[in-house]
Structures are given as C-alpha cells and as structure tokens.
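Q: I'm new to this structure and would love a close look at one part of it. Could you walk me through it in a friendly way, starting from a single residue?

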Amino acid sequence: MTGEALRVLFAGSAPLDSDAPIAVDDESSALLTSIRASGVSVSVSAVTPASLDQIRLAVRREKPHVIHFAGHGGPELVELEDHRGARVHVTPISLAEAFADPDVALLVLYGCDTESIGRGVPYLC
C-alpha cells in the first residue's frame, strides 16, 4: 500500500421504518473528522442506501482497505435497507460475504451486538 491513499468505505444503514433510528450522518461526520485529523492520505466513499446489493457493488468498485459499517445488528440478523429505505434483515454471513474482498484489511462493525457477528463469522476474525 506504499504511496497510495488508504481507501475507506462507509456503509450506514438507517431504514426509515426502523424501531430505533441511527444517526448515520453523525456517524459518517465523526468518521470523516477523525480521518482528516490523522493526517493520513485517505479516500472515503459511502454506500447509501446500504442495501446488500449496493454494498457488494461498492466493495467491488472501490476495493476498500477499510470498511466501516454503522447499523443495527445481532447474532441472528443485520438491518440493512432496500431501495426505498425500508428495513431488510440479512444474516451476518450474507453481510460478511458482501464485505469479502482481498483488499479489505479492517472491518469496523458499529452497532448493537455487532461483536457477536464478528465472533460468529470465522473469516471476519
């Protein structure tokens, strides 16, 4: 990675019909502020809405080194969005497969009970 910018992909899921909305814009802003303060050369892209298909496309297109996901999650499901902004539940395995790429060195799962997702999917550890 010498000489090239660190590529970061932000995927924030904030479905309109969620029981507990997440302030994805605040999370994205905080991430950008932290990155800028680091002084590291970084290229940041975002996936909105964060549907499984859009995440897969963005990972293939952007080839990120780091993926930062903000959304609701638990041991059995992760809450994403469809093209209308409605919530869609996917399995942690499906989400992990969407994030799978040889360039990805770090995956940040920011949300309730997302630690159990990382522990439950061997190739995320």
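Is Gly-3 buried or exposed, and why?

A: Happy to help, and please keep in mind that this is a predicted model. Gly-3 is exposed, because its relative accessible area is 82%, and the cut-off for calling a residue exposed is over 50%. In the chain, Gly-3 belongs to the segment that comes before strand 1. In space, Gly-3 has its C-alpha 9.0 Å from that of Ser-41, although 38 residues separate the two in sequence.

Now let's follow the chain into the sheet. Four strands make up an open sheet with parallel pairing, and their order is 2-1-3-6. The edges are taken by strand 2 (42-47) and strand 6 (106-110); each has a single partner strand, so one side of each has no neighbour in the sheet. From one strand to the next, the twist averages 15°. Looking at one pair inside this order, strand 1 (residues 6-12) runs parallel to strand 3 (residues 66-70), and five bridges connect them. One pairing you can look for is Gly-12, whose bridge partner in strand 3 is Ala-70. As background, strands of a sheet pair through backbone hydrogen bonds, in either a parallel or an antiparallel way.

The antiparallel kind can be found here too. Strand 4 (residues 78-81) and strand 5 (residues 87-90) run antiparallel and are joined by four bridges. Leu-80, for instance, has Val-88 as its bridge partner in strand 5. These two strands form a hairpin with five residues between them, and Gly-85 in the turn has a positive phi of about 90°.

What about the inside? In soluble globular proteins, nonpolar side chains tend to be buried together. The largest nonpolar core here contains 16 residues, and Ile-55, Phe-69, Leu-80, Leu-95 and Phe-99 have the most contacts inside it. At least two residues of this core come from each of strand 1, helix 2 (52-62), strand 3, strand 4 and helix 3 (92-99). Helix 2 gives the largest share, four residues.

Phe-99 is a good place to zoom in. Leaving aside residues up to four places away in sequence, Phe-99 touches Ile-55, Val-59, Ile-67, Phe-69, Val-104, Leu-107 and Leu-109. Apart from the largest core lies another one, of seven residues, which include Val-8, Ile-35, Val-66 and Ala-70. That brings us back to the sheet, since Ala-70 is the bridge partner of Gly-12.

How values were computed. Residues are numbered from 1 along each chain as its sequence is written. This is a predicted model: local features need pLDDT of at least 70, side-chain atom pairs count only at pLDDT 80 or more; totals for chains, interfaces and linings use all residues. Side-chain values use heavy atoms; hydrogens and water are left out. Two strands pair if DSSP finds at least two bridges between them. Axes are lines fitted to C-alpha atoms, for helices over the stretch in contact, and angles run from 0 to 180 degrees between N-to-C directions. Buried means under 20% relative accessible area, exposed over 50%, partly exposed in between (1.4 Å probe, protein chains only). A nonpolar core is a set of buried Ala, Val, Leu, Ile, Met, Phe, Trp, Tyr and Cys residues joined through side-chain atoms within 4.5 Å. Contact means heavy atoms within 4.5 Å.
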